[in-house]
Amino acid sequence: MSPSDVNLRQHLTQQPAEQGETLRDCVENALVNYFAHLEGQSVTDVYQMVLSEVEAPLLEVVMANVKGNQTKASIMLGLNRGTLRKKLKQYGLL
């Protein structure tokens with residue numbers, strides 16, 4: 001099994017979050033499970049993998065909350081509007 005066969009999303013979705021579990025707890029548990037299933041194989045780009053797993057749904061939910069208004073979303077997120085647009089394109093949300 002290669003590291004690419006073990007993805008973080010798989011570990012985020014396999015176990016339902018327990019009541020009172022924070023996002024931080026969810027990410028931590030997913031990473032612990034991810035590393036446990038690598039069976040000693042080396043991995044790269046874990047930082048980017050985690051960011052993409054968390055950032056995409058964050059953007060989706062915020063954009064839905066502001067009904068697609070990028071100016072409101074950028075203010076809510078604390079991002080420059082240009083940065084928000086770049087990230088929306090990156091995740092195919094435009």
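A residue counts as buried when its relative accessible area is under 20%, as exposed when that value is over 50%, and as partly exposed in between. Keep those cut-offs handy for the close-ups below, which all come from a predicted model.

**Figure 1. An aromatic pair made by Tyr34 and Phe35.**
Search the whole structure for aromatic pairs and you get one. Here it is: the rings of Tyr34 and Phe35 sit edge-to-face, 5.4 Å from centre to centre, with 70° between their planes. Those two numbers are worth a look, because a pair of aromatic rings is described by the distance of the centres and the angle of the planes. Are the two partners buried or exposed? Tyr34 has a relative accessible area of 3%, so it is buried. Phe35 comes out at 42%, so it is partly exposed.

**Figure 2. The whole chain, for orientation.**
Before zooming in further, here's the overall plan: five helices and zero strands, which reads α-α-α-α-α along the sequence. The protein has 94 residues, and 27% of them count as buried. Its exposed surface is about 6600 Å², with carbon and sulfur atoms supplying 52% of that. Now take the contacts with a separation of 6 or more: residues 24 or more positions apart account for 46% of them.

**Figure 3. The largest nonpolar core, with nine residues.**
Which residues make up this core? They are Ala56, Leu59, Val62, Met63, Val66, Ala73, Leu84, Leu88 and Tyr91. Helix 3 (46-65) and helix 5 (81-90) each supply at least two of them, and helix 3 gives the most, with four. As background, nonpolar side chains tend to be buried together in soluble globular proteins. Pick out Ala56 and skip its neighbours within four places in sequence: you'll find it in contact with Leu51, Tyr91 and Leu93.

**Figure 4. A salt bridge between Glu55 and Lys87.**
How many salt bridges does a search of the whole structure find? Just one turns up. The closest N and O atoms of Glu55 and Lys87 are 2.8 Å apart. Glu55 lies in helix 3 and Lys87 in helix 5, so the pair ties together parts that are 32 residues apart in sequence. Glu55 has a relative accessibility of 16%, so it counts as buried. In general, side chains of opposite charge can pair when their charged atoms come close.

**Figure 5. Helix 4 (residues 70-77) and its buried side.**
The buried residues of this helix are Gln70, Ala73 and Ser74. Look down the axis of helix 4 and they fall within an arc of 100°, so they line one face of the helix. What covers them includes helix 3 and helix 5. On the face turned away from that buried side, you'll spot the exposed residues Lys72 and Ile75. Ala73 also shows up in the nonpolar core of Figure 3.

**Figure 6. Positive phi values at Glu39 and Asp45.**
Most residues other than glycine have a negative phi. Glu39 has a phi near 55°, and Asp45 has one near 60°. Where do we find them? Glu39 is in the loop between helix 2 (23-36) and helix 3, and Asp45 has its place in the loop between helix 2 and helix 3 too. Glu39 has a relative accessibility of 63%, so it counts as exposed. Asp45, at 59%, counts as exposed as well.

Conventions: Residues numbered from 1 in each chain as written. Predicted model: local features only at pLDDT ≥ 70, side-chain atom pairs only at ≥ 80, totals over all residues. Heavy atoms only, no water. Core = buried A, V, L, I, M, F, W, Y, C linked by side-chain atoms within 4.5 Å. Buried < 20%, exposed > 50% of the residue type's maximum accessible area, 1.4 Å probe, protein only. Helix = DSSP H or I, 4+ residues; strand = E, 2+ residues; numbered from the N terminus. Contact = heavy atoms within 4.5 Å. Phe/Tyr/Trp six-rings, centres within 6.5 Å; stacked < 30°, edge-to-face > 60°. Areas by Shrake-Rupley, 256 points an atom, 1.4 Å probe, with all protein chains shown as cover. Salt bridge = Lys/Arg side-chain N within 4 Å of Asp/Glu carboxyl O. Arc of directions from axis to C-beta.
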